[in-house]
Amino acid sequence: MARALKADFPAPVLMTSTDELVAVVERLRREPFVTIDTEFVRERTYWPELCLVQLAGAHDVVVVDTLAPGLDLSPLGELLDDPAVTKVFHAARQDLEIFLHLFDRLPAALYDTQVAAMVAGYGDQVGYDNLVSSLTGAHIDKAHRFSDWSARPLSPAQIAYAAADVTYLRTVYQLLRERLETEGRTEWVAAELAVLTRPETFRPDPESLWEKMRPRTSNRRMLGILRAITAWRELEAQRVNVPRQRLLKDESLLEIAATAPTDAEALARVRGVSRGFAEGRSGAGLLEAIAAAYALPEASLPRQSRGKDGPRPSPALVALLKVLLAACCEEHDVAPRLVASSEDIDRLALEAEPDLPVLQGWRRVVFGEDALALKAGTMLLGVDGTRIRRVGC
């Protein structure tokens, strides 16, 4: 579906003043859609340090230097809030996290071309460069992908690279939207974009983060301590603005949960915990969290989620369902990952009709109904040449 693309975008303009930003935002708010991207650094901080915001309209391509002295980004917030202007991103999650932290709200009327590309059959989490190449035939120079965007001054080549992230995106958006409208899949995209409009998507509950560590224990007291100190780490990392793993590694948290140190001396003996940390403000806060969790009544302690000790689905049935998923997604030209996860397949194999997105809406049409029929024995899988085909019993 590649189309030759005429490189007739406006030349990018580097903006460093509030007055310039106000003027371009006023123009962009008259357009039906604007493409947006960001450049940031995050290696040493919990919160991303925003370095650039790129914006493109029909007649403007701007690279906003967010580190410019005195620059007020509130006009950008007004553009993001405008429901009459669709804000187009590619792989929007990190950009949206930045804007949520910056403005304490998410953009209105947003669109993610990576999600749209998955619905259109371009594979799981297709990269921007590959999507541009597939849809337009253009190729983006990747030389500045790993630039230090916080360093100043920016070179002309860096500015051009940053601008390319929003110029070609306009064509990508238009082609994808046209295709999905023709195929009647706009509602599929809207259903997937809904998750990006919820702040909780980007602000996980600190009290539930311990589950991602998959502790290999059923000791509820240890799990209660792990829940408390994992939540404490998340909030403390935000407070001091350092990456959570740099503050305290997962391995240290698991050891702390198992040993439940009661003083700075014992805490300092944990691998990965320095004496300075243990005796400082952070160490005192961690010890308080341990003590509070240790004092909880048994009924308030968490249980290990069903995993290795719970019932397991039939590996053969799981394999069949995965083959069926691949066949259905091939037929409908949609990315399998968007339809069902490995966890969804396991639950489909184990439970009669679990409450899962794959058994709702468009996913049920694409795969869910066939999955239930396969489980019920009313459908068989066969091979027709080089493709899997479904056969009714």
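Here are five short exercises on this structure, each with a worked solution.

The model is a predicted one: local features need pLDDT of at least 70, side-chain atom pairs count only at pLDDT 80 or more, and totals for chains, interfaces and linings use all residues. Residues are numbered from 1 along each chain as its sequence is written, and side-chain values use heavy atoms, with hydrogens and water left out.

**Exercise 1. The whole chain**

Find how many helices and strands the chain has, and what share of its residues is buried.

Solution. Start with the secondary structure: the chain has 17 helices and eight strands. Helices (H or I, at least four residues) and strands (E, at least two) are DSSP runs, numbered from the N terminus.

Next, look at the extent. The C-alpha trace spans about 70 × 65 × 35 Å along its principal axes.

Then turn to burial, where "buried" means under 20% relative accessible area, "exposed" over 50%, and "partly exposed" in between (1.4 Å probe, protein chains only). Of the 393 residues in the chain, 47% are buried.

Finally, consider contacts, meaning heavy atoms within 4.5 Å. Among those between residues at least 6 apart in sequence, 64% join residues at least 24 apart.

**Exercise 2. A covered helix**

Work out which residues of helix H2 are buried, and what covers them.

Solution. Helix H2 takes in residues 74–81. Its buried residues are Pro-75, Leu-76, Gly-77, Leu-79 and Leu-80.

Now look around them. The cover includes helix H1 (18–28), helix H3 (93–103), and the strands S2 (33–41), S3 (49–56) and S5 (86–89).

A general point helps when you view any such element. An α-helix has 3.6 residues a turn, so residues three or four places apart point the same way.

**Exercise 3. Rings that pair**

Count the aromatic pairs, then describe how Phe-9 and Tyr-168 meet.

Solution. Begin with the rule: rings of Phe, Tyr and Trp (its six-membered ring) pair if their centres lie within 6.5 Å; planes under 30 degrees apart count as stacked, over 60 as edge-to-face and the rest as tilted. By this rule there are nine aromatic pairs.

Take Phe-9 and Tyr-168: their ring centres are 5.1 Å apart and their planes stand at 80°, so the pair is edge-to-face. Phe-9 lies in the segment before strand S1 (13–15) and Tyr-168 in helix H6 (residues 156–182), so this pair ties together parts that are 159 residues apart in sequence. Phe-9 is partly exposed, at 25% relative accessible area, whereas Tyr-168 counts as buried at 15%.

Another edge-to-face pair is Tyr-46 with Trp-47, at 4.8 Å centre to centre and 75° between the planes. Here Tyr-46 is buried, at 9%, and Trp-47 is partly exposed, at 23%.

To finish, ring pairs link Phe-33, Tyr-111 and Tyr-173 into a cluster.

**Exercise 4. Opposite charges**

Count the salt bridges, then place the partners of Glu-207 and Glu-255 in the chain.

Solution. A salt bridge is a side-chain nitrogen of Lys or Arg within 4 Å of a carboxyl oxygen of Asp or Glu. The structure holds 27 of them.

First, Glu-207 pairs with Arg-227, with the closest N and O atoms 4.0 Å apart. This pair links distant parts of the chain, 20 residues apart: Glu-207 is in the loop between helix H7 (186–193) and helix H8 (220–240), and Arg-227 is in helix H8. Glu-207 is partly exposed, at 42%, while Arg-227 counts as buried at 18%.

Second, Glu-255 pairs with Arg-271, with the closest N and O atoms 3.1 Å apart. Glu-255 sits in helix H10 (residues 250–259) and Arg-271 in the loop between helix H11 (264–268) and helix H12 (275–279), 16 residues apart. Arg-271 counts as exposed, at 63% relative accessibility.

Last, salt bridges that share partners join Arg-179, Glu-183, Arg-185 and Asp-333 into one network.

**Exercise 5. A patch on the surface**

Identify the residues that form a nonpolar patch with Val-323.

Solution. Patches are made of residues with over 30% relative accessible area and no salt bridge: like charges are joined within 9 Å, nonpolar side chains (Val, Leu, Ile, Met, Phe, Trp, Tyr) within 5 Å. Val-323 lies in helix H14 (residues 315–332) and is partly exposed, at 36%.

Its partners in the patch are Val-383 and Ile-388, and the three together have about 230 Å² of accessible area. Such areas come from the Shrake-Rupley method with a 1.4 Å probe; for residues, only the protein chains shown count as cover.
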